[in-house]
Amino acid sequence: DLTMTAPIVFGRLHVLPVITDFLKAFPDINIHLTLSDRTVSLADEHIDVALRISALSDSSLIAIRLGSIRTTTYANPDYLKRHSRPSNPHDLKDHDCIAFNGVRSTRSWTFRDGAKEVEVPIRTRLSVNTAEAAVDAAAAGLGITRVMAYQAKRAVDAGLLVPLLETFEPKASPVHLLHISEGLMPLKLRTFLDFATPRLRELLR
């Protein structure tokens, strides 16, 4: 069996369909997939491959770059009709904000102004622990939220959210597949990486 971990929303939307196609193509291989936004140790938890959306810190792992994902600020069009549209991150202090406290602070958001990073205090009306909840609350017109672009895509496509402050976005987060480097790679892992890498890269173009 292959063991894999991926972030919850990205895993459900993008990794699971690739795994489903892989299992249909390779009936002799089984996969155990754990969806979690927690950063797990591959060695300690006996994981063969992990998908990570962040800058890499563990240099002992082999990383395959897949692409990058933007973090963007969003609001519902009706909310923007009732409130002035923010043109600068500092305008957020006058807005109701919905903070997703998975990895980020619920008191401030970091933006990029030219070459420098700017930390801007926010007024948090609601803080939630999943991106889906933040997206749903913003889509319902409660306020402004900030999530990764793939997490908001469905709501954006449905016209429920529009992006804001795009020129102030922080650098996009890199996406990698990671595995442990230990001599000869098991055939099942090589087979999976060869199958999944081009498909996930295509999604992130």
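Helices H1 and H5 are oblique to each other, a class for angles outside the ranges under 35 degrees (roughly parallel), over 145 (roughly antiparallel) and 65 to 115 (roughly perpendicular). Their axes come within 10 Å and cross at roughly 140°. The crossing is right-handed.

This is a predicted model, where local features need pLDDT of at least 70, side-chain atom pairs count only at pLDDT 80 or more, and totals for chains, interfaces and linings use all residues. Residues are numbered from 1 along each chain as its sequence is written, and side-chain values use heavy atoms, with hydrogens and water left out.

The two helices meet through these residues; contact means heavy atoms within 4.5 Å.

| Helix | Residues | Residues in contact |
|---|---|---|
| H1 | 8-25 | His14, Val18, Ile19, Asp21, Phe22, Ala25 |
| H5 | 187-203 | Thr191, Phe192, Phe195, Ala196, Arg199, Leu200, Leu203 |

Nine residues of this contact are nonpolar, two are polar and two are charged.

Next comes helix H3, residues 131-139. Ala131, Ala134, Val135, Ala137, Ala138 and Ala139 are buried there, meaning under 20% relative accessible area. These buried residues pack against H1, E6, E9, E10 and H4. Gly141 follows H3, with a positive phi near 90°.

His95 sits in the loop between helix H2 (77-82) and strand E6 (97-100). Is His95 buried or exposed? His95 is buried, with a relative accessible area of 2%. Its side chain makes a polar contact (N or O atoms within 3.5 Å, one able to donate a hydrogen and the other to accept it) with the side chain of Tyr79, at 2.9 Å. Leaving aside residues up to four places away in sequence, His95 touches Tyr79, His83, Ser84, Pro86, Arg123 and Ile144.

Notes. Helix = DSSP H or I, 4+ residues; strand = E, 2+ residues; numbered from the N terminus. Buried < 20%, exposed > 50% of the residue type's maximum accessible area, 1.4 Å probe, protein only. Axes fitted to C-alpha atoms, helices over the stretch in contact; angles between N-to-C directions. Left-handed = near helix turned anticlockwise from the far one by under 90°. Nonpolar A, V, L, I, M, F, W, Y, C, P; charged D, E, K, R; others polar.
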